[in-house]
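Biologist: I am new to this structure and would like a close look at a single part of it. Please choose one place to start and work outward from there, step by step.

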Amino acid sequence: MTTTTARPSEVAGGFRALGDATRVRVLELLADGELCVCDLTAGIDIAEPLLSHPLRSLRVGGVITVRKAGGAGYHALNSARPAA
């Protein structure tokens, strides 16, 4: 049996964040590295306002991070997320 440093609620939040096809597609795109929202909308073919909720869910679930630079948001996979 392996031990984990993640609390059950953190792990559950990460799994909840994956319960939507749009959010999974975002993660597929971010697997290649950090992207701005405009790149994500083009890669998923979705309007920016419709992408805000999936991105928020992924941030709240601790799956991705956001970095603000020059008025744009750059999203990346959360490398500091504890392993389950």
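**The sheet and what surrounds it**

Modeller: Start at Thr-65, whose bridge partner in strand 3 is Ala-76. The model is a predicted one, and the part to look at closely is the sheet to which this pair belongs. A second pair can be found along the strands: Lys-68 stands opposite Gly-73, which is again in strand 3. Both pairs can be placed within a longer match, since strand 2 (residues 64-69) and strand 3 (residues 72-77) are paired over 6 bridges, in the antiparallel sense.

How many residues lie between the strands of this hairpin? There are 2 residues between strand 2 and strand 3, and in this hairpin Gly-70 has a positive phi near 60 degrees. Most residues other than glycine have a negative phi. Ala-72 is part of strand 3. The side chains of a regular strand alternate between the two faces of the sheet. Ala-72 counts as partly exposed, because its relative accessibility is 25%, and the cut-offs put buried under 20% and exposed over 50%. Some distance back along the chain is Cys-38, 34 residues from Ala-72; the C-alpha atoms of the two are 8.7 Å apart.

The hairpin belongs to an open sheet of 3 strands, which has the order 1-3-2 and antiparallel pairing. Strand 1 and strand 2 stand at the edges with a single partner strand each, so each has one side without a neighbour in the sheet. Strand 1 covers residues 35-36, and among the elements of the protein it has the highest mean pLDDT, 95. At the other end of that scale is helix 1 (residues 8-17), with the lowest mean value, 69.

A side-chain contact also involves strand 2. Arg-67 forms a salt bridge with Glu-34, and their closest N and O atoms are 2.7 Å apart. Arg-67 lies in strand 2, while Glu-34 lies in the loop between helix 2 and strand 1, so the pair ties together parts that are 33 residues apart in sequence. Neither partner of this pair counts as buried: Arg-67 is partly exposed at a relative accessible area of 40%, and Glu-34 is partly exposed at 39%.

The structure holds 2 salt bridges, and another one is found in helix 2. There Glu-28 pairs with Arg-25, with 3.2 Å between the closest N and O atoms. These two residues are 3 positions apart in helix 2, which means that about one helical turn separates them. Glu-28 is partly exposed, with 46% relative accessibility, and Arg-25 is partly exposed as well, with a relative accessible area of 32%.

Helix 2 (residues 21-30) also contains Val-24. Together with Phe-15 and Leu-18, Val-24 makes a nonpolar surface patch of about 270 Å². Val-24 has a relative accessible area of 32% and is therefore partly exposed; a residue of such a patch needs over 30%.

One loop outside the sheet deserves a short stop. Asp-45 sits between helix 3 (37-44) and helix 4 (48-60), in the loop that joins them. Its phi is positive, near 60 degrees, and Asp-45 is not a glycine. Is Asp-45 buried or exposed? Asp-45 is exposed, because its relative accessible area is 73%.

Seen as a whole, the protein has 4 helices and 3 strands, and along the sequence they follow the pattern α-α-β-α-α-β-β. Of its 84 residues, 31% are buried. Among contacts with a separation of 6 or more, 49% join residues that are 24 or more positions apart. The protein exposes about 5400 Å², of which carbon and sulfur atoms supply 56%. As for confidence, the mean pLDDT is 84, and 82% of the residues reach 70 or more.

Technical notes:
Residues numbered from 1 in each chain as written. Predicted model: local features only at pLDDT ≥ 70, side-chain atom pairs only at ≥ 80, totals over all residues. Heavy atoms only, no water. Patch = residues over 30% accessible without salt bridge, like charges linked within 9 Å, V, L, I, M, F, W, Y side chains within 5 Å. Areas by Shrake-Rupley, 256 points an atom, 1.4 Å probe, with all protein chains shown as cover. Salt bridge = Lys/Arg side-chain N within 4 Å of Asp/Glu carboxyl O. Buried < 20%, exposed > 50% of the residue type's maximum accessible area, 1.4 Å probe, protein only. pLDDT = per-residue confidence, 0-100. Contact = heavy atoms within 4.5 Å. Pairing = 2+ DSSP bridges.
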